[in-house]
Amino acid sequence: MHDRQFPASEAYRLDNPERLLSLPPAEVIGALRVRPGETVADVGAGTGYFSLPLAREVGAQGKIYAVDAQPEMLALLRQKFNESGPFNIETVAAEAERTGLPVACCDLVFLANVWHEFADCAAVLRESERILKPGGRIAILDWRPDVERVGGPPLEHRLDSSSAAQRISSAGFQPLTSTNIGRFSWLVQGEKPQGEKPQGKKPR
């Protein structure tokens, strides 16, 4: 694990009730414009802070791929499942650069609080483009570098929203929105152009 990756040993911090005040899931999901029946890849899902409410939002006809590089995180997420579900979440132990998901399987790729961790953002964007349907959306949520540090990564590890917006535009996504959200975060969204045919095959 590299020095910017959130350690599984501190996973309890991800479920701190104070996060519900500083980064309300309902506010974020509302901004994502998630619709019933959609398929979402929650990349860097952790213990399911967003995966679980996203699963409720897409409903029984939708699907959530909870992707995380740390199997320990996904094990904690699965512990939250009960006999009544949710049954529309599939956990995937994989890196963001190589998720192993099928080509053009997702309506939305959501990267929450992991953008600053990536050593190769371009590879992450290529993989996101691969698994998105034409017209699918990418959404990057991360920590603002211009506010006081209350939790989260060190200020020197944080990236600003304008650089993320520029990166997704350079990767071929059409910019949609860029806004601050919650108390300490920004959210940048883009869209994969319509009419593109899926390229490549599912990685082995």
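Before we start, one word you will need: when I say two residues meet, or are in contact, I mean that they have heavy atoms within 4.5 Å of each other. Please also keep in mind that what we are looking at today is a predicted model.

Let's begin with the overall layout. The chain has 204 residues, and 50% of them count as buried. Along the sequence there are six helices and seven strands, and they come in the order α-α-β-α-β-α-β-β-α-β-α-β-β. Now think about contacts between residues at least 6 apart in sequence: 73% of these join residues that are at least 24 apart.

Now, to our pair of helices. Which residues of α2 meet α3? From α2 we have Pro25, Ile29 and Leu32, and their partners in α3 are Pro53, Leu54 and Glu57. Sorted by kind, the residues of this contact are five nonpolar, no polar and one charged. If you are wondering about the spacing of the numbers, here is a handy rule: an α-helix has 3.6 residues a turn, so residues three or four places apart point the same way.

How do these two helices cross? Helix α2 covers residues 25–32 and helix α3 covers residues 51–58, and their axes come within 10 Å, crossing at roughly 50°. That angle is why we call α2 and α3 oblique to each other. The crossing is right-handed.

Let's stay with α3 for a moment. Is this helix mostly buried or exposed? Six of its eight residues are buried, so α3 is largely enclosed by the rest of the structure. The buried ones are Ser51, Leu52, Pro53, Leu54, Ala55 and Val58. Their cover includes α2, β1 and β2, along with α4 (71–79), β3 (89–93) and β4. Right after the helix comes Gly59, with a positive phi of about 75°.

Next, the inside of the protein. As a general point, nonpolar side chains in soluble globular proteins tend to be buried together. Here, the largest nonpolar core has 27 residues, and those touching the most other members are Ala41, Tyr65, Leu101, Cys106, Leu111, Trp115 and Phe118. Several elements supply at least two residues each: β1 (39–43), β2 (63–68), β4 (106–112), α5 (121–131), β5 (132–143), α6 (161–170) and β7 (185–191). The largest share, four residues, comes from α5.

Try finding Cys106 on the screen. Setting aside neighbours within four places in sequence, Cys106 is in contact with Thr39, Val40, Ala41, Tyr65, Leu101, Ile131, Leu132 and Lys133. Apart from this core lies another one, of 25 residues, and among them are Ala45, Tyr49, Val58 and Ile64. You have already met Val58, as one of the buried residues of α3.

Last stop: two residues with a backbone surprise. Arg33 is not a glycine, and yet it has a positive phi of about 60°. You will find Arg33 in the loop between α2 and β1. Asn113 is not a glycine either, and it also has a positive phi of about 60°. Asn113 sits in the loop between β4 and α5.

Which of the two counts as buried, and which as partly exposed? Arg33 has a relative accessibility of 41%, so it counts as partly exposed. Asn113 has a relative accessible area of 12%, so it is buried. The cut-off behind this is that buried means under 20%.

That's my tour, thanks for listening!

How values were computed. Residues numbered from 1 in each chain as written. Predicted model: local features only at pLDDT ≥ 70, side-chain atom pairs only at ≥ 80, totals over all residues. Heavy atoms only, no water. Core = buried A, V, L, I, M, F, W, Y, C linked by side-chain atoms within 4.5 Å. Buried < 20%, exposed > 50% of the residue type's maximum accessible area, 1.4 Å probe, protein only. Axes fitted to C-alpha atoms, helices over the stretch in contact; angles between N-to-C directions. Parallel < 35°, antiparallel > 145°, perpendicular 65-115°, else oblique. Left-handed = near helix turned anticlockwise from the far one by under 90°. Nonpolar A, V, L, I, M, F, W, Y, C, P; charged D, E, K, R; others polar.
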